[in-house]
Amino acid sequence: MITQKKWRLSGDYFENCNCDVVCPCLVSASAPLTARPSQGVCDVALVFHIDEGSYGDVTLDGLNVAVIVHTPGPMADGNWTLAAYIDERADDPQTAALGAIFGGAEGGPMAAFAPLVGKHLGAQKVAINYAINGKARSAEIPGILGMAVEPLPTMHSSGEVWVAIGHPVAPDKMAMAVGCSGSTYADHGMRWDNSGKNGLYAPISWSN
């Protein structure tokens with residue numbers, strides 16, 4: 001693959017899936033992502049906030065993106081259904097840049113997921129509100145998504161459990177988390193409630 005633009009971004013991310021804590025996909029014994037999800041299927045939202053970023057000469061500072069995934073079985077088996085949501089504040093060049101990066105076309109972490117997608121439901125421009133309150137992360141897309149995670153309870157003095165599981169989004173470290181009450185998604189004929197289910201959050205630093 002020949003990338004067309006040099007790009008980089010840094011910021012914050014969290015995800016909330018419907019697996020019990022801890023998600024078996026993350027610790028599959030035979031190979032990555034081969035374990036069957038706790039509920040048989042995976043329903044997961046990954047939400048990103050970019051503190052600083054650029055795609056060529058296009059600035060991406062302050063923008064948000066959400067990626068919604070449903071898998072009918074183990075994640076490694078593919079046939080994912082994916083929907084994307086791009087910050088409505090993004091202009092046309094920014095929208096194209098975010099689509100290229102988060103769709104995996106320009107390399108980087110999301111390129112690892114692209115071959116597993118069987119059905120892409122497209123990208124919508126929406127209001128995405130992303131917030132960090134202490135150690136908790138939350139995001140809202142009015143009428144579609146309202147999700148939040150907080151650290152998994154621990155006896156560690158930091159109040160967080162950080163692990164390095166090789167997740168493409170943040171391979172070096174991620175904090176184990178749990179979905180807060182009211183963590184829901186409803187769009188494209190899908191409806192989830194991931195309250196009390198598995199979560200993760202981490203700083204991100206990507207480039208091609």
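Reader: Which classes of residue line the largest pocket, and how many of each?
Author: In this predicted model, the lining of the largest pocket has 22 nonpolar, three polar and one charged residues.

Reader: How much space lies in that pocket?
Author: About 420 Å³. It has 26 lining residues, and the closest to the centre are Leu26, Leu33, Phe113, His167 and Pro168.

Reader: Which elements give two or more residues to the lining?
Author: Those are β1 (7-17), β2, β4 and β5. The most comes from β2, with three residues.

Reader: Take β4, then. Is that strand largely enclosed or not, and why?
Author: Strand β4 (residues 64-71) is largely enclosed by the rest of the structure, because seven of its eight residues are buried.

Reader: Which strands does β4 pair with?
Author: Strand β2 (residues 42-55) runs antiparallel to β4, and eight bridges join the two. Strand β5 (residues 80-87) also pairs with β4 in the antiparallel sense, over six bridges.

Reader: What stands opposite Val67?
Author: Leu46 does. For Ile68, the bridge partner is Ala83 in β5.

Reader: Changing topic: where is Ile165?
Author: Ile165 is in the loop between β10 (162-163) and β11 (174-179).

Reader: Buried or exposed?
Author: Neither: Ile165 is partly exposed, because its relative accessible area is 30%, and buried would need under 20%.

Reader: What is Ile165 in contact with, leaving aside neighbours within four places in sequence?
Author: Leu26, Pro171 and Met174.

Reader: How far apart are Ile165 and Leu26?
Author: In sequence, 139 residues; in space, 7.0 Å from C-alpha to C-alpha. Leu26 is also one of the residues closest to the centre of the largest pocket.

Note on methods. Residues numbered from 1 in each chain as written. Predicted model: local features only at pLDDT ≥ 70, side-chain atom pairs only at ≥ 80, totals over all residues. Heavy atoms only, no water. Helix = DSSP H or I, 4+ residues; strand = E, 2+ residues; numbered from the N terminus. Buried < 20%, exposed > 50% of the residue type's maximum accessible area, 1.4 Å probe, protein only. Contact = heavy atoms within 4.5 Å. Pairing = 2+ DSSP bridges. 1 Å grid on protein atoms, 1.4 Å probe; cavity = no way out; pocket = protein on both sides within 12 Å on 5 of 7 lines; lining within 4 Å. Points joined across faces, edges and corners; volume = space filled by probe spheres on them. Nonpolar A, V, L, I, M, F, W, Y, C, P; charged D, E, K, R; others polar.
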